[in-house]
Amino acid sequence: MRGRWLVPALMLALAACGGEGPQRTEQGAAVQAEKSFRWKLVTTWPKNYPGLGTAPEKFAELIARMSNGRLTVKVYGAGQLVPAMEVFDTVSSGTAEMGHGAAYYWKGKAPAAVFFTSVPFGLNAQEMNAWLHYGGGLALWREVYAPFNLVPFAGGNSGVQMAGWFNREINSLADLQGLKMRIPGLGGEVIRRAGGEAVTIPGGELYTALQTGVIDATEWVAPYNDLAFGFHQIEKARYYYYPGWHEPGSTLELIVNQDAWQSLPDDLQAMVEAAARAVNQDMLDEYTARNHAAYVELERNGVQIRPLPDDVLVELHRLSDQVLGELAASDPLARRVYESQRAFQEQVSAYHRISEEAYFRARRLPTD
Ligand code: CA
C-alpha cells in the first residue's frame, strides 16, 4: 500500500518543485486553500455590549460559517486581552490580527482618523456609507492607516446619536461654561472652545464617572445603548439632550493587521470584506429598530428629553467649522480627507434637501 501511494506523491512533489508556472500556482493555491487561520479580535467595547460589542461577534460567526471554519475569529472585550485604548496598537503590532472600535479614538496617532468615524455637523449614516464605498472615503482611510500596518473596514454605524446626559439644563451657551463632559473626537474640542472641559473615558467607566460627579455630562450613543448602561438611573443627570450634533452617523471600524491580511488567500479576503459590509449595515438596521423602543422606555422612566436650543447649536456649528478647518491645515493628509468629505457633503446635502429632507417633511404634513 505504502509503495503505491509513494509514486503519485513523488510526482506531485516534483510537479510542485520543478513544474511549469501555472501548475505551480495551482498547487500553491490548493495548499493555501486547506490552511486554516485562528485570529484574535480585540475591541474597545465591553464583551457582548449591545450593538457595538455584538457586531464583532456577528462578524466572527459569519466568517466561521462562510469559510467553513477555515478562518475563526475569537473576540475579546475591552480589558480581556488589552485595555480599550490599546486596540489600535495591539492590531498594528500583530499581537491580535483584528480589532473593532472607532477611528476617532486614534486621532493622537493620525489626525485624519476622526473623519472616518463622524465629524460634528458632518455626514449622516447613509451619507457616510456612500462616501466610504462610492465616494473615495475608504481608499483614503486605507492610506491613512497604511503607515500603521493596518487595513480598515467600515464595521457598523450607530446612526445619529444623542447630544448626551447632563446634570444641568442647557438653556444657553453660558450653561456649557465649566461643564466637564466625556466627549471624544472633534466634538470634545468644540466643547472645550465653547467653555467646557472635554475628557475621554471608555464606555464601561461612564456610569460611575457620572454618578460620582467625576464628570457633569457624557455623550455615549443613543437610547438603545444608553439604556443598556443605565444612565437613566442616575438621579442627578436626568437631562437627555438631542440631537447628536457631534456624531451624526458614527462609523465603527474593523481593522486588520496588514501582514495577517496578506497571509489570507483571496477567497478568505473576499469573505472578510463581505462579512464586514454585512455587519456594517446590520448595526444600522438594529439601531434603527431598537432606538425608538428604548426612547419610549426612557420617557417612561421620567428622563427629561430635550432639544438643544437653536442658538447653542448654531454656535457649536460655527466652532465645529473652525476646528475642522484648523485640523485640515495642520496635516496634509487630513486636508485631503477633509476636502474629499466636505465636497461630498455639499453635493449630497443639495440632493438630500429635495429627497430625504423633503420626504420627511412631506410625511409630517397633517392629512386631516
Ligand atoms: Ca458617541
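Me: Buried means under 20% relative accessible area, exposed over 50%, and partly exposed in between, with a 1.4 Å probe and protein chains only. Which word fits Q161 and W220, buried or exposed?

Reply: Both residues are buried, so each falls under 20%. This is a predicted model: local features need pLDDT of at least 70, side-chain atom pairs count only at pLDDT 80 or more, and totals for chains, interfaces and linings use all residues. Residues are numbered from 1 along each chain as its sequence is written, and side-chain values use heavy atoms, without hydrogens or water.

Me: What makes an atom a donor of the calcium ion?

Reply: A donor is an N, O or S atom within 2.8 Å of the metal, or 3.2 Å for Na, K and Ca. Q161 (OE1), E219 (OE), E219 (OE), W220 (O) and E247 (OE) lie at 2.1 to 2.8 Å, so they qualify. Water is not among the atoms, so the site may look incomplete.

Me: How far apart along the chain are Q161 and W220?

Reply: They are 59 residues apart. Q161 sits in the loop between β4 (150-157) and β5 (164-166), W220 in the loop between β8 (217-218) and α9 (223-229). Strands (E, at least two residues) and helices (H or I, at least four) are DSSP runs, numbered from the N terminus.

Me: How do you know that β4 and β10 (residues 251-257) pair?

Reply: Pairing takes at least two DSSP bridges. Six join these antiparallel strands, so they pair.

Me: Why are β2 (71-76) and β4 called edge strands?

Reply: The open sheet runs β2-β1-β3-β10-β4. Each of the two has a single partner strand, so one side is left without a neighbour in the sheet.
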